[in-house]
Each structure stands twice: as structure tokens, then as C-alpha cells.
Amino acid sequence: QVQLVESGGGSVQPGGSARLSCQVTGYYGSVNYLAWFRQVPGKEREAVALSSTLGGHQWHDGSVEARFTISVDSDAEILYLQMTNLKPEDTAMYFCAAGRHFSRSPEDFGYWGQGTQVTVSS
């Protein structure tokens, strides 16, 4: 069974930085892609960044490109999201996810973390 455990959320000042981590276990080659999604109450869950499990294929949403960086520690099986220059509009519940296919749709990811809240405010 694939399990994902997140950490790193919290309250951050505008312009500040944070790094989210997602420990992935029960892997065994059943997962090809990892992703970060975020969701605001009343809105659809949206993809923030995607990465192949070895980090060779990556994508970042235009709203966060140049500010957020997804990375993978393949040996430790940890997915990271480095966030810099955070803005109030980045406030959301952030989820890590794992699946077999490269997709921006949450419907294509079968495994999810519990979510971690990131709040950007002064």
C-alpha cells in the first residue's frame, strides 16, 4: 500500500519561504509520477507541480513558476516543494499525490497525502 506523509506547512510572511516534504512509502515501482496540488475552499483542486519519480520530467504551473521548485530525493523517497517569495494568494491546503500517469488532473492520482495548510499573511 502506497502511503504519503506530508510536513512543512504553517504560517509564513509574504515574501518568505517554506519547504514542503512528502515521504512516500510502499512504492515498489507502482508509482511513476509525483505531484503537488493545492485547494482553496470553494475551488477545484489544482495542480501546482509535477515530477517523474526520478525527477527527469517536471512541470510547474505558470502561477508559481520561478518561485516554486519541485524536486525528488529518489534514494530517500521524499518529494519536496521549495516555495520562495510567497504571496497571500498562495494560501491553500497543499496535497502531495502519486500516480501512474503524468497528468494535471487530480482524478488521475490514486494516492494522496492528508494535506498541509500553508497560510501566507502578515
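This passage describes the overall build of a predicted model of one chain, followed by its cores, one hairpin and one buried serine.

The chain contains 11 strands and zero helices, so that, read along the sequence, its elements follow the pattern β-β-β-β-β-β-β-β-β-β-β. The radius of gyration of the chain is 13 Å, close to the 14 Å that the globule rule gives for 122 residues, and the chain is therefore as compact as a globular protein of that length. Taken along the principal axes, the box filled by the C-alpha atoms is roughly 45 × 30 × 25 Å. Of the 122 residues, 42% count as buried, while the accessible surface of the chain comes to about 6,300 Å², with 46% of it belonging to carbon and sulfur atoms. Among contacts between residues at least 6 apart in sequence, 56% join residues that are at least 24 apart.

The largest nonpolar core of the chain has 26 residues, and those with the most contacts inside it are Trp 36, Val 48, Phe 68, Leu 81, Met 83 and Tyr 94. At least two residues of this core are supplied by each of the strands β3 (18–25), β4 (33–39), β5, β7, β8, β9 (92–99) and β11 (116–120). Apart from this core lies another, of seven residues, which includes Ala 47, Leu 50, Ala 97 and Phe 109. The surroundings of Tyr 94 can be described in detail: when residues up to four places away in sequence are not counted, Tyr 94 touches Glu 6, Leu 20, Phe 37, Arg 38, Val 48, Phe 68, Leu 81, Met 83, Gly 115, Thr 116 and Val 118.

Two of the strands that contribute to the largest core, β7 and β8, also form a hairpin with four residues between them. Strand β7 (residues 68–73) and strand β8 (residues 78–83) run antiparallel and are joined by six bridges, and within this arrangement Ser 71 stands opposite Tyr 80 in β8. In the turn of the hairpin, Glu 77 has a positive phi of about 60°.

A further residue considered here is Ser 51, which lies in strand β5 (residues 46–52). Ser 51 has a relative accessible area of 0%, and because this value falls under the 20% cut-off, the residue counts as buried. Leaving aside neighbours within four places in sequence, Ser 51 is in contact with Asn 32, Tyr 33, Leu 34, His 57, Gln 58, Ile 70 and Val 72.

Notes:
Residues are numbered from 1 along each chain as its sequence is written. This is a predicted model: local features need pLDDT of at least 70, side-chain atom pairs count only at pLDDT 80 or more; totals for chains, interfaces and linings use all residues. Side-chain values use heavy atoms; hydrogens and water are left out. Two strands pair if DSSP finds at least two bridges between them. Buried means under 20% relative accessible area, exposed over 50%, partly exposed in between (1.4 Å probe, protein chains only). Contact means heavy atoms within 4.5 Å. A nonpolar core is a set of buried Ala, Val, Leu, Ile, Met, Phe, Trp, Tyr and Cys residues joined through side-chain atoms within 4.5 Å. The radius of gyration is taken over C-alpha atoms; the globule rule is 2.2 Å times the number of residues to the power 0.38. Accessible areas come from the Shrake-Rupley method with a 1.4 Å probe; for residues, only the protein chains shown count as cover.
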